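Please open the model in your viewer and keep the sequence panel at hand. The stops below each begin with a selection and then say what is found there.

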Amino acid sequence: MSSLALSSLKLPPVLLLSPPPPAKLLHLSSFSSFLLNNTGIPRATSRELFSVVKVSTKPISTMATDKEIVGSVKEQLAKLFEESLRAAFPDVEGVQPMIAICNDPRHGDYQCNNAMSLWNKIKGQGTQFRGPQPVGKAIIDNLPASEMIERCSTAGPGFINVVLKKQWIAKSIERMLIDGIETWAPKLPVERTVVDFSSPNIAKEMHVGHLRSTIIGDTLARMLEFSNVEVLRRNHVGDWGTQFGMLIEYLFDKIPNWEAASAQAIGDLQAFYKASKQRFDNDPDFKERAQKAVVSLQGGEEKYRKAWTQICEISREEFQRVYERLGVHLEEKGESFYNPYIPKALDLLNNKGLIQESEGARVIFIEGKKIPLIVVKRDGGFNYASTDLTALWYRLNEEKADWMIYVTDVGQREHFEMVFAAAKLAGWLPQNENDFPKASHVGFGLVLGDDGKRFRTRSTEVVKLVDLLDEAKSRCKLALEERGKATEWTAEELEQTAEAVGYGAVKYADLKNNRLTNYTFNFDQMLSDKGNTAVYLLYAHARICSIIRKSGRDIEELKKVGGIVLAHPDERALGLHLLQFAEIVEEACINLLPNLLCEYLYKLSEDFTKFYTNCQVVGSAEETSRLMLCEATAVVMRKCFHLLGITPVYKI
């Protein structure tokens, strides 16, 4: 095992500002209690079944205070330009302000890009304007008075460049330091979201393939929660199906007193699954018994339900250990939860005339797809499509979700495209992709090894997730011990530091990539203290905290009496980037791309380095202002770490 190349990096003994609550996985799909308490499809509530409902643009507030959420800079500028557009062009309807960050900071901070499209609408209609530039000037002339904007100018074919006032940027940062980073939360046009992620299969170990779904899904949930959206974190585990017949029969054969047996008696569940599968494939008598066991289980026979529950609980405990390491919270509603709802859901689809007979199966034909969506197999059994359609119905009508997000590998894209298409045909989802409620598939690529192939062990087995996390932690711990930290820190501090850095490095190495692409898993790269890595970013945050401590100043007092002055260009550049945090989170949420937040965080660390290199902090005449700018940077970095599920470090 190679050591971690962190010779120049001193990691902190103190990790948590306030320890996060322990990860929880709520089991909501106890099949036995479900059969007792649910006899049919639930009643429709105030929302009509399968109607297309537009959500309110007012977000749910989950904040404990009444502090105002001011929205992003883009949003605030959009309000000003909306007024200007109405005043300058009252006869042109449906014009929405088009605000973007300026590509070249030499020209401005933001752009309004409406002039060209407006000119295309009004030219040839007897307008007084003679091109997009005069249109742009009219927009500028009609802007309401604002403390935000220092100046505007037109360039090229009517682009309006906007420069923000330094004083306004500074005051916005000061207010955030006093009122909290939550005031910078984005405002999203959605109230309740289901994020379906992780979703391992019972009796199978979580492997590296589950890593991406778990990490990406958790980050999306965190970003949405920060944006004051109610998020239902759903773990759609594979806890139902024909494989449970062979598992139950194998349990009966291997452990006659299975009801009193512990998890240790069953042993490694993955090995248990493989052995039962081998027996199923090679023993015709066992196969027949296993198939009958499925019928008994689905029929609700008590003995089989108890065995099924025992196997599920053992698996669930193993999953939970991984979730606790990753700091991930999930609520489980597995395949079994939706099973009793399937017949009624299929009846609703059939009543719409969507289900047809085809080669002994019942299917839904989707335009543009070569093969139909099979909802009932030839043997009369249900499959993934019938379960997923039913789960979609349940989330729309019982959980009242406005947005359903499914985080799986890209290989399942077509399956979900067909499920969503069927839901649109049934009228469960609107035809317009931009209308709510809506469903989105968040696909992701493969985790590859250095050989460019799917990441596996030398024995060609899929890498177990728990082994991967152990390896990351042990490498960090070894590097710390080689630098003498075992004698400087307590054993607990050493363990916590190795865990925070190791797990954080694994998460960030995944999240910084566009999720649609494959990425190569390489410990040496992800645990490097140079470049765009979690280790580098954690180091940058710890350095900021060290600067504040060395000043000897009470940062809380400075927030109350001090002020920020952005006189130096690097101070202003850092301040502007801090202010763009809200719109980056908003963009990452809307496009379901966590890598956008990673790019923002890395750029923030670079902007801070440039500021610190060129602007003396401690001992300077501007010490108070610059310490507050340091604190604001640390606050935003910590929130980024939280959204990415990474534990920050505070001491170098």
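Two strands count as paired if DSSP finds at least two bridges between them, and helices (H or I, at least four residues) and strands (E, at least two) are DSSP runs numbered from the N terminus. This is a predicted model, in which local features need pLDDT of at least 70 and side-chain atom pairs count only at pLDDT 80 or more, whereas totals for chains, interfaces and linings use all residues. Residues are numbered from 1 along each chain as its sequence is written, and side-chain values use heavy atoms, with hydrogens and water left out.

**The three-stranded sheet**

Begin by selecting Val-363, which stands opposite Ile-374 in E11. Extend the selection to strand E10 (residues 361-364), which is joined to E11 by 3 bridges, the two strands running antiparallel. Adding E9 completes an open sheet of 3 strands in the order E9-E10-E11, with antiparallel pairing. Its edge strands, each pairing on one side only, are E9 (355-358) and E11 (373-376). On average, neighbouring strands of this sheet are turned by 45° against each other, direction ignored.

Next, display helix H13 (residues 342-351), which lies across E9, E10 and E11 and runs at about 95° to E9. For such angles, axes are lines fitted to C-alpha atoms, for helices over the stretch in contact (heavy atoms within 4.5 Å), and the values run from 0 to 180 degrees between N-to-C directions.

**The nonpolar cores**

A nonpolar core is a set of buried Ala, Val, Leu, Ile, Met, Phe, Trp, Tyr and Cys residues joined through side-chain atoms within 4.5 Å; buried means under 20% relative accessible area, exposed over 50%, and partly exposed in between (1.4 Å probe, protein chains only). Which residues touch the most other members of the largest nonpolar core? Among its 163 residues, they are Leu-77, Leu-164, Phe-521, Phe-581 and Val-636. Colour helix H25 (residues 623-644) as well, since this helix gives the most to the core, with 13 residues. A second, separate core has 37 residues, including Leu-348, Leu-354, Met-418 and Trp-428.

Now centre on Phe-521 and show its surroundings: leaving aside neighbours within four places in sequence, Phe-521 is in contact with Leu-211, Val-447, Leu-448, Asp-450, Phe-455, Leu-468, Val-506 and Met-526.

**Stops in the loops**

Move on to Asn-522, in the loop between strand E15 (519-520) and helix H19 (523-526). Asn-522 is buried, with a relative accessible area of 15%, and a polar atom of its side chain lies 3.0 Å from the backbone nitrogen of Asp-524.

Select Pro-437, in the loop between helix H15 (413-425) and strand E13 (438-444), and inspect the peptide bond that leads to it from Phe-436, which is cis, with omega near 0°.

Is Lys-400 buried or partly exposed? At 21% relative accessibility, Lys-400 counts as partly exposed; its phi is near 55°, a positive value in a residue other than glycine, and its place is the loop between helix H14 (384-397) and strand E12 (403-409). Leu-592, in the loop between helix H23 (581-591) and helix H24 (595-614), has a positive phi of about 55° although it is not a glycine, and Leu-592 is buried, with a relative accessible area of 6%.

**Helix H4**

Finally, select helix H4 (residues 132-141), whose buried residues are Pro-132, Val-135, Gly-136, Ala-138 and Ile-139. They lie on the same side of H4, because they cover an arc of only 160° around the axis, the arc being that of the directions from the helix axis to the C-beta atoms. What covers these buried residues includes helix H2 (73-88), helix H3 (115-122), strand E4 (149-155) and strand E5 (159-164).

Methods. A polar contact is a pair of N or O atoms within 3.5 Å; within protein, one must be able to donate a hydrogen and the other to accept it, and residues adjacent in sequence count only if both atoms are side-chain atoms.
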